[in-house]
Amino acid sequence: MPLYEYRCPACGVFEALRSMGAAGAEQTCPGCGAPARRLMSAPGLSRTGSAAARLIERTEATASEPGVVAAPPPGPRTGPRRSTNPLHRRLPRP
């Protein structure tokens, strides 16, 4: 179902999930009950394939729900990395 945006003169913008046939030009505001006019907004279209869409959704989800790990990933442990930039030699060391 499409998501429609409405603007209430008192409360501001809110969203309503309505079917295409049930979405009218006006909707009552859930906050104050005043009539709110529907806004013209860009449609949420996507041309990505299903694998690409899943990757994008997982990437966006990590911003609010980061994955929890039990240990660092396996691989060679070579110790602390040192910069090869000669300007970094002047920086104070801990």
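These are my notebook entries on a predicted model, starting with the sheet and ending at the far segment.

**Sheet**

I started with the strand order. Four strands make an open sheet, running β2-β1-β4-β3 with antiparallel pairing. I then checked which strands sit at the edges: β2 and β3 do, each pairing on one side only. I also looked up the twist, and neighbouring strands are turned by 40 degrees against each other on average, with direction ignored.

**Pairings around β4**

Next I went through the bridges made by β4, which covers residues 35-38. Three bridges tie β4 to β3, and the two strands run antiparallel. With β1, β4 shares two bridges, again in an antiparallel arrangement. I wanted the residue opposite Y6, and in β4 that is R38.

I followed the chain from β3 to β4 as well. The two strands form a hairpin with six residues between them. In that turn I noted G33, which has a positive phi of about 85 degrees.

**Q27**

Which strand holds Q27? I found Q27 in β3, residues 26-28, and its bridge partner in β4 is A36. Is Q27 buried or exposed? Q27 has a relative accessible area of 17%, so I logged it as buried; the cut-off for buried is under 20%.

I then looked for polar partners of the Q27 side chain. There is a polar contact of 3.5 Å between the side chains of Q27 and R18. Leaving out residues up to four places away in sequence, Q27 touches Y6, F14, R18, A34, P35 and A36. So R18 turns up in the contact list of Q27 as well as in the polar contact, because a contact takes heavy atoms within 4.5 Å.

**Core and A36**

I pulled up the largest nonpolar core next. Its eight residues are Y4, Y6, C8, F14, A16, A23, C29 and A36. β1 (3-8) and β2 (12-17) each supply at least two of its residues, and β1 gives the most, with three.

A36 deserved its own entry, as a core member and the bridge partner of Q27. What does A36 touch, beyond residues up to four places away in sequence? My list reads Y6, R7, C8, F14, A25, E26 and Q27.

A reminder to myself on strands: in a regular one, side chains alternate between the two faces of the sheet.

**Cysteines**

I searched for disulfides and the structure holds zero. C8 is in none, and its nearest cysteine sulfur, that of C32, is 3.5 Å away. Why is there no bond between C32 and C8? The 3.5 Å between the sulfur of C32 and that of C8 is too far for one, because a disulfide needs the sulfur atoms within 2.5 Å.

I compared the accessibility of these two cysteines too. C8 counts as buried, at 2% relative accessibility, whereas C32 is partly exposed, with a relative accessible area of 43%.

**Far segment**

Last stop was L87, which is found in the segment after α1 (50-64). Its relative accessible area is 59%, so L87 goes down as exposed; exposed means over 50%. I also took a distance along this part of the chain: the C-alpha atoms of L87 and P73 are separated by 31 Å, with the two residues 14 apart along the chain.

Notes
Residues are numbered from 1 along each chain as its sequence is written. This is a predicted model: local features need pLDDT of at least 70, side-chain atom pairs count only at pLDDT 80 or more; totals for chains, interfaces and linings use all residues. Side-chain values use heavy atoms; hydrogens and water are left out. A nonpolar core is a set of buried Ala, Val, Leu, Ile, Met, Phe, Trp, Tyr and Cys residues joined through side-chain atoms within 4.5 Å. Buried means under 20% relative accessible area, exposed over 50%, partly exposed in between (1.4 Å probe, protein chains only). A polar contact is a pair of N or O atoms within 3.5 Å; within protein, one must be able to donate a hydrogen and the other to accept it, and residues adjacent in sequence count only if both atoms are side-chain atoms. Two strands pair if DSSP finds at least two bridges between them. Axes are lines fitted to C-alpha atoms, for helices over the stretch in contact, and angles run from 0 to 180 degrees between N-to-C directions.
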